[in-house]
Amino acid sequence: MFRIIGYIVVGLIVGVFARFFYPGAVDLGWIATILLGIGGGIIGGFFAGLMDGKSGNFRPVGFIGSVLGGMLLIFIVRSLS
């Protein structure tokens with residue numbers, strides 16, 4: 001239970017930073033910001049796995065990688081819409 005709460009809190013923090021550093025306004029609610037942060041962590045972990053040869057392993061990465069993954073997720077969603 002505490003692990004899920006930890007993912008939510010870290011997802012919120014990462015999502016807020018990704019929205020802050022992304023150029024332009026990003027209008028998202030709290031839940032979408034949490035999901036953005038969690039998704040950013042997954043994307044950042046995937047790319048970190050590709051760099052060290054362990055493709056497909058989803059594992060926690062550093063804070064900066066998660067924020068960059070969140071920013072990439074914002075970019076992808078905006079370019080598709």
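Helices α2 (30-51) and α3 (residues 63-80) are roughly perpendicular to each other (angles of 65 to 115 degrees count as such), because their axes come within 7 Å and cross at roughly 110°. Axes here are lines fitted to C-alpha atoms, for helices over the stretch in contact, and angles run from 0 to 180 degrees between N-to-C directions. Helices are DSSP runs (H or I, at least four residues), numbered from the N terminus.

This is a predicted model, in which local features need pLDDT of at least 70 and side-chain atom pairs count only at pLDDT 80 or more, while totals for chains, interfaces and linings use all residues. Residues are numbered from 1 along each chain as its sequence is written, and side-chain values use heavy atoms, with hydrogens and water left out.

Let's look at where α2 and α3 meet. On the α2 side the contact (heavy atoms within 4.5 Å) involves Leu36, Gly39, Gly40, Gly41, Ile43, Gly44 and Phe47. Their partners in α3 are Gly65, Ser66, Gly69, Gly70, Leu72, Leu73 and Ile74.

Now for the other neighbour of α3. Helix α1 (residues 2-21) has an axis that comes within 8 Å of the α3 axis, and the two cross at roughly 60°. That makes α1 and α3 oblique (the class for angles outside under 35, 65 to 115 and over 145 degrees). Their crossing is right-handed (the near helix is turned clockwise from the far one by less than a right angle). From α1, the contact uses Ile13, Val14, Phe17, Ala18, Arg19 and Phe21; from α3, Phe63, Ser66, Val67, Gly70, Met71 and Ile74 take part.

Here are both contacts by residue class, where Ala, Val, Leu, Ile, Met, Phe, Trp, Tyr, Cys and Pro count as nonpolar, Asp, Glu, Lys and Arg as charged, and the others, Gly among them, as polar.

| Contact | Nonpolar | Polar | Charged |
|---|---|---|---|
| α1 with α3 | nine residues | two residues | one residue |
| α2 with α3 | six residues | eight residues | no residues |

Within α3, the buried residues (under 20% relative accessible area, 1.4 Å probe, protein chains only) are Ser66, Val67, Gly69, Gly70, Met71 and Ile74. These buried residues pack against α1 and α2.

Which residues does leucine 73 touch, not counting those up to four places away in sequence? They are Leu36, Gly39, Gly40 and Ile43. Leucine 73 lies in helix α3 and is partly exposed (between 20% and 50%), because its relative accessible area is 24%. Leucine 73 and leucine 36 are 37 residues apart in sequence, yet 7.4 Å apart in space, C-alpha to C-alpha.
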